[in-house]
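Trainee: Could you take one part of this structure and walk me through it closely? I would like to see how a single helix sits among its neighbours.

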Amino acid sequence: MNNILSKGFLFLLLLAIYSCDVNDQDQEASPNVIIILADDLGYADVGFNGCKDIPTPNIDRIADNGVRFSDAYVTYSVCGPSRAGLITGRYQDRFGFGRNPLVSPKDTLQGLPLSERTLADELKTAGYTSMAIGKWHLGTHKSQHPLKRGFDEFFGFLGGGHKYFPEQWTFNNLYEISSEGESYQTKLMRNNGRINEEEYITDAFSREAVDFIERKKDEPFFLYLAYNAPHVPLQATEKYLSRFDNINNKRRKTYAAMVSAMDDGIGLVLDKLKEQGIEENTIVFFLSDNGGPEKKNASDNGKLREGKKSLYEGGIRVPFAMQWLGNVPVGKVYEKPVISLDIFATALNYAKTTPANSIDGVDLVPYISDRDNNDPHENLYWRMYDYDAYAIRNGDNKLIRFKTENDRAYNLKKDIGEKNPLDTLNTKLYSDLKDEYLRWNDQLIDPIFLGLPQRKEYNRLYPDRFKKVKNVE
């Protein structure tokens, strides 16, 4: 009898050890994923890219705890298409999202096509709970709301921008507004309903992010924290403005305060991960959706040429950092070209799930960990359909046509400011890059909706665009 009991005890002990091991493996196989997205942030406006007048200690923590990408790109130089690429892991022109969508709550085409699956959709198949916080800008029709696109929770606004002070949020719904600009004054949404929020918008988004992490700490989660800071309008509270009495330029001072508010919130997020003991099991990405519009919001793209709306480096190269403690190098600068599409691929690989659609990104971890010394991408591509503009980057070389009659080539390693075009238009380099761009372009489709640049035409075609309808939201 004692022998049987001893064997039974041994069996239970081994079973417990095995179960713990399996649980540990499951935990390792399902890291939490957080994407923190700034809006119109200048390339040189974070400490890890050399900013001197705006301290960003918490954004810099991500780079210090992981990897800073010096040559990181987004797929477009304005908000909507860039976000469509990020959230699907696919070049957005593959599915016709080549324009910034309009606020149009009755239009099923103004946003992300239902053929596309978001990162939240894919992670749900692996047992993740997901929340979108902040700016959506992927469609305002009820079929395109975040809770219809894979997310379990939503807190934020649907359009392309918003005012920051709650006393200015005077419209209860999108069917109460009469213009695109008035969408900036709608009340915030929680899930599918409107709420009366009382905090400065950046602080509210940070609060909700921390709350979500605390509630979901015991299960795999995906948090998409899409701040609208420092997108215009330039608005900040005295709490943040008082930090920058050293900046005389009023617009730059307010911009700095907005970035500082966002940085504070990011610090709260990182602190909460550590407090809950899940810091090492969470992949954190930080980036901007496009380059800074320097003249409009007083941002700074440093040595990069131009900014938002441009295919020069200032429009598409963005601050980008990633941390995953214990799994990626600490304090590393990675200099080979990467793109926002890689976030989708990286997250899915470690969630151990396969995307339903073909994707264009790659898992970054083998490259930044020096297990793969090749370039993550042979080529990176951009198209701006309405302007007959394009760019392609191969290694250090970039071929571009943007607001010029002729194509121009630059060596970005030697000429990061794109000031001195190479004499390559009759060379094999030119023909190879142009042929490769044309091959890629053949895979794309035309835009499926009229966007912000065509808003006058859209209003003429749809004069009842904002007319009240039932069950809009």
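**A close look at one helix**

Mentor: Happy to! Among what covers the buried residues of α12 are β13 (380–384), β14 (389–394) and β15 (397–401), where contact means heavy atoms within 4.5 Å. Helices (H or I, at least four residues) and strands (E, at least two) are DSSP runs, numbered from the N terminus. This is a predicted model, in which local features need pLDDT of at least 70, side-chain atom pairs count only at pLDDT 80 or more, and totals for chains, interfaces and linings use all residues. Residues are numbered from 1 along each chain as its sequence is written, and side-chain values use heavy atoms, leaving out hydrogens and water.

Now the helix itself. α12 covers residues 428–441, 14 in number, and spans 20 Å from its first C-alpha to its last, close to the 20 Å expected at 1.5 Å a residue (the expected span is 1.5 Å times one less than the number of residues). Its buried residues are Y430, L433, K434, E436, Y437 and W440; buried means under 20% relative accessible area, with a 1.4 Å probe and protein chains only. They lie on the same side of α12 because they cover an arc of only 160° around the axis, taken from the directions from the helix axis to the C-beta atoms. An α-helix has 3.6 residues a turn, so residues three or four places apart point the same way.

Finally, follow β15 onward. β15 runs antiparallel to β16 (residues 408–411), and 4 bridges join them; strands pair if DSSP finds at least two bridges between them. N397 stands opposite N411 in β16. This hairpin has 6 residues between its strands, and K403 takes a positive phi near 60° there.

Terms used:
Buried < 20%, exposed > 50% of the residue type's maximum accessible area, 1.4 Å probe, protein only.
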